Amino acid sequence: MRHGWPSATFLGRLQPTSLTAALELGTLAKYPAHRTLLHQGDESSHVLLITSGVVKVVASSADGCDMLLAIRLAGDLVGEMAAFENQPRSGTVIACGEVTARIIQRRTLETFLTGHVDAMTALFRMMSARLRWANRRRLDFRAYDASTRLARVIAELAQTYGQAVDGTEGQRCVLGVTLTQSELASLAGLALPTAEKALAALSQRGLIQRRYRQITISDIPQLMEFAKIEAENPY
């Protein structure tokens, strides 16, 4: 955490002066659970700075196939690709629960970034980290089997969103976002039946425990070893 925001988020990367200024940008809006905040294909150019809650980014193909692309939480910036590329939005952003966000127009954001060098750097690092995440998933498709691919997604989500279980000395954590099996399958690029089998395999190995829409990582070091990733934050 930095200044009260997760260090991997846009706000978590800012210096105090820039952070204060960022939280005054645009207009504050509140959204109920399941409300669509941004629509794929829309030509608007504003961005959203999430100040509370969690959102998911979903993309739909022409034949109606939906895929979960990412999870974003308080402190994150969403909608920046359309703002800077002047292209239609590439995904739909949906509130997972109640969400508050600041609606920031493109010119306002550009002025802010020009006047705050650390914010510009933070934006570059954020976008670079998201590209790195996408590149990892592309490599996973060719390099690993289904169980390993799903383990890699769960491990990296846990690094960013995990909530430590008291008294376990960092060995256990609860995945801090609520995801369906279908959404996990989308993140790992797996068919739902394949993802269900992979989840069962990880459970049998004692790496995770499952409840309704909740995953507990039973042994973080063992999961990281099984997933063949280093203990670093992918964001």
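This section describes a four-stranded sheet and the two largest pockets of a predicted model.

Local features were taken at pLDDT of at least 70 and side-chain atom pairs at pLDDT 80 or more, while totals for chains, interfaces and linings use all residues. Residues are numbered from 1 along each chain as its sequence is written, and side-chain values use heavy atoms, without hydrogens or water.

Helices and strands are DSSP runs numbered from the N terminus (H or I, at least four residues; E, at least two). Strands pair if DSSP finds at least two bridges between them. Four strands form an open sheet with antiparallel pairing, in the order β2-β7-β4-β5. β2 (36-38) and β5 stand at the edges with a single partner strand each, so one side of each has no neighbour in the sheet. Neighbouring strands are turned by 30° against each other on average, direction ignored. The strand axes are lines fitted to C-alpha atoms, and angles run from 0 to 180 degrees between N-to-C directions.

Strand β4 covers residues 54-60. Five of its seven residues are buried (under 20% relative accessible area, 1.4 Å probe, protein chains only). The strand is therefore largely enclosed by the rest of the structure. Seven bridges join β4 to β5. Val57 has Ala70 of β5 as its bridge partner. The two strands form a hairpin with five residues between them. In the turn, Gly64 has a positive phi of about 90°. Four bridges join β4 to β7 (residues 92-95). Here Val55 is partnered by Ala95, and Val58 stands opposite Thr92.

Pockets were located on a 1 Å grid over the protein atoms alone, as open sets of points where a 1.4 Å probe fits, with protein on both sides within 12 Å along at least five of seven lines. Lining residues have an atom within 4 Å of a point. Volume is the space filled by probe spheres set on the points, which are joined across faces, edges and corners.

The largest pocket has a volume of about 670 Å³. Of its 26 lining residues, the closest to the centre are Val57, Leu69, Ala70, Arg72 and Met81. β5 (66-73), α2 (80-85), α4 (117-143) and α6 (181-188) each supply at least two lining residues. α4 gives the most, with seven. The lining has 15 nonpolar, five polar and six charged residues. Asp, Glu, Lys and Arg count as charged; Ala, Val, Leu, Ile, Met, Phe, Trp, Tyr, Cys and Pro as nonpolar; the others, Gly among them, as polar.

The second largest pocket holds about 220 Å³. Of its 15 lining residues, Lys56, Cys96, Gly97, Thr178 and Arg213 are the closest to the centre. Its lining divides into five nonpolar, six polar and four charged residues.

Key:
Buried < 20%, exposed > 50% of the residue type's maximum accessible area, 1.4 Å probe, protein only.
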